[in-house]
Amino acid sequence: MLRAMDSAVSGLRAHQNKLDVIGHNIANVNTYGFKSQSYTFKDTMYQTSTASTNGTNTAGGVNAAQYGYGALMGVISMDMTASTPSYKGGFNATIDGDGFFITKNARTGMTVTGKDDQEALKGNDLEFTRVGQFTVDSNGYIVDGNGNFVYGFRAGEPDTLQALRVPTDGSVTVTQDGVASVAGIGDVDEALPAGGPALEAIEIQINKMGDIQVTIKKEYDSVDDQGNPVKKEGTFTLTMGQVAIATFQNQEGLTKNGNGYYTASPSDNTGICSAAIPGDGRATLMPGYLEASNVDLATEFSEMITTERGFQANSKIITVSDEILSDLINMKR
């Protein structure tokens, strides 16, 4: 078979792979937190017809003569550039800079102690995402849009990475002035008056430093203007912990895992990683915002046109090669 046909077949395959990447990017133009991919080609193996030789006293040097065999996939790389934040309100947040929220599909078995435990951060089935679409489940745990638990540092435990939790109704009591005891969480140092249990949690917020703040309505003992004991009701804010942000020396080395998640492993190319609170030498959060896709439709459509023409040109080479083979076969009449 003609070498040209072999080259064209490899070119068709390479251009089809690039069209697959472009199609995936365009399909996710409205996917929150999506990072587009780019595709490059590389030339493939060569057959050397004439080797390169040095000059001698009787003849000059000769350059190599080689036949190529088409194109292959070079690199599929991710563009991790941050995209435009879109305001959605509610219990949402986006990262203003580099970094990822840390999630896991279970809240037990986490053994990470310390903020830069490489082995633990790249193991334990952790997943990383740019999409901070948070809610609170029936047990008070903060979960993302896929139901995975969101990890951070609980109040009173600043060095242990674990699933974040907020108090549900009736789970907060005040043991003494300034100390709130939260069931399943521990003591939270806040300026609360003693007396009476917390009645209900009325609002959950997240601020730019990643603080998970719960506003509760609480009945407490007080005195009136005449000094008589009375019951009063007020609203108070408890900080239950802080969302963690994971950063990687080479975030392009992460592996896409679908549903807006990325994964890391000790053997990948992500390099050094660490987990810390927002603003602790790293990006802060934008409460109420979600990050849009960074797909550039103008770029994708122009790439689609050039890729289509490349595919068309390679198919034409196959057509011409077929005509040449047909002429050879028909030479003997």
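Which residue forms a salt bridge with Lys18? In this predicted model, the partner is Glu303, and the closest N and O atoms of the two side chains are 2.6 Å apart. The bridge links distant parts of the chain, since Glu303 belongs to helix H3 (residues 297-329) and Lys18 to helix H1, with their positions 285 residues apart in sequence. Glu303 is partly exposed, with a relative accessible area of 30%, whereas Lys18 has 10% relative accessibility and counts as buried.

The structure holds 4 salt bridges. Another one pairs Lys35 with Glu291, with the closest N and O atoms 2.5 Å apart. Lys35 lies in the loop between H1 and S1 and Glu291 lies in strand S25 (residues 289-291), so this pair ties together parts that are 256 residues apart in sequence. Lys35 is buried at 0% relative accessibility, and Glu291 is buried with a relative accessible area of 3%. A third bridge, between Asp268 and Lys122, has its closest N and O atoms 3.6 Å apart. Here Asp268 sits in the loop between strand S22 (261-263) and S23, while Lys122 sits in the loop between helix H2 (118-121) and strand S8 (127-129), 146 residues away in sequence. Asp268 is partly exposed at 21% relative accessibility, because the cut-off for buried is under 20%. Lys122, with a relative accessible area of 10%, is buried. Through shared partners, salt bridges join Lys35, Arg130 and Glu291 into one network.

The loop between helix H1 (3-27) and strand S1 (37-43) also contains Ser36. Ser36 counts as buried, with 7% relative accessibility. Residues up to four places away in sequence aside, Ser36 touches Asn25, Ser77, Met78, Asp79, Asn294 and Val295.

The next topic is the nonpolar interior. The largest nonpolar core has 23 residues, and those touching the most other members are Phe100, Ile102, Phe128, Leu161 and Phe248. At least two residues of this core come from each of strands S7 (100-104), S12 (149-154), S13 (161-163), S20 (245-248) and S23 (273-276). S12 gives the largest share, 3 residues. A second, separate core has 20 residues, including Val150, Leu164, Val166 and Val243. Ile102 is in contact with Val150, and also with Leu126, Glu127, Phe128, Phe149, Tyr151, Leu161, Ala244, Ala246 and Ala275, leaving aside neighbours within four places in sequence.

Aromatic rings give a further set of contacts. Ring pairs link Phe100, Phe128, Phe248 and Tyr262 into a cluster. The structure holds 8 aromatic pairs. One of them, Tyr39 with Phe41, is edge-to-face, at 5.3 Å centre to centre and 75° between the planes. Tyr39 counts as buried at 6% relative accessibility, but Phe41 is partly exposed, with a relative accessible area of 34%. Phe91 and Phe134 also form an edge-to-face pair, 5.9 Å centre to centre with 65° between the planes. Phe91 is in the loop between strand S5 (85-87) and S6, and Phe134 in the loop between S9 and strand S10 (135-136), 43 residues apart. Both rings belong to buried residues, Phe91 at 13% relative accessibility and Phe134 with a relative accessible area of 4%. Separately, Arg3 lies over the face of Tyr67, 3.7 Å from the ring centre.

Strands S6 and S9 also appear in a sheet. This open sheet has 3 strands in the order S9-S6-S24, with antiparallel pairing. Strands S9 (132-133) and S24 (284-287) are its edges, each pairing on one side only. Strand S6 (residues 92-96) pairs with S9 over 2 bridges, and Ala93 stands opposite Gly132 in S9.

Note on methods
Residues numbered from 1 in each chain as written. Predicted model: local features only at pLDDT ≥ 70, side-chain atom pairs only at ≥ 80, totals over all residues. Heavy atoms only, no water. Pairing = 2+ DSSP bridges. Helix = DSSP H or I, 4+ residues; strand = E, 2+ residues; numbered from the N terminus. Core = buried A, V, L, I, M, F, W, Y, C linked by side-chain atoms within 4.5 Å. Buried < 20%, exposed > 50% of the residue type's maximum accessible area, 1.4 Å probe, protein only. Contact = heavy atoms within 4.5 Å. Phe/Tyr/Trp six-rings, centres within 6.5 Å; stacked < 30°, edge-to-face > 60°. Lys NZ or Arg CZ within 6 Å of the ring centre and 35° of its normal.
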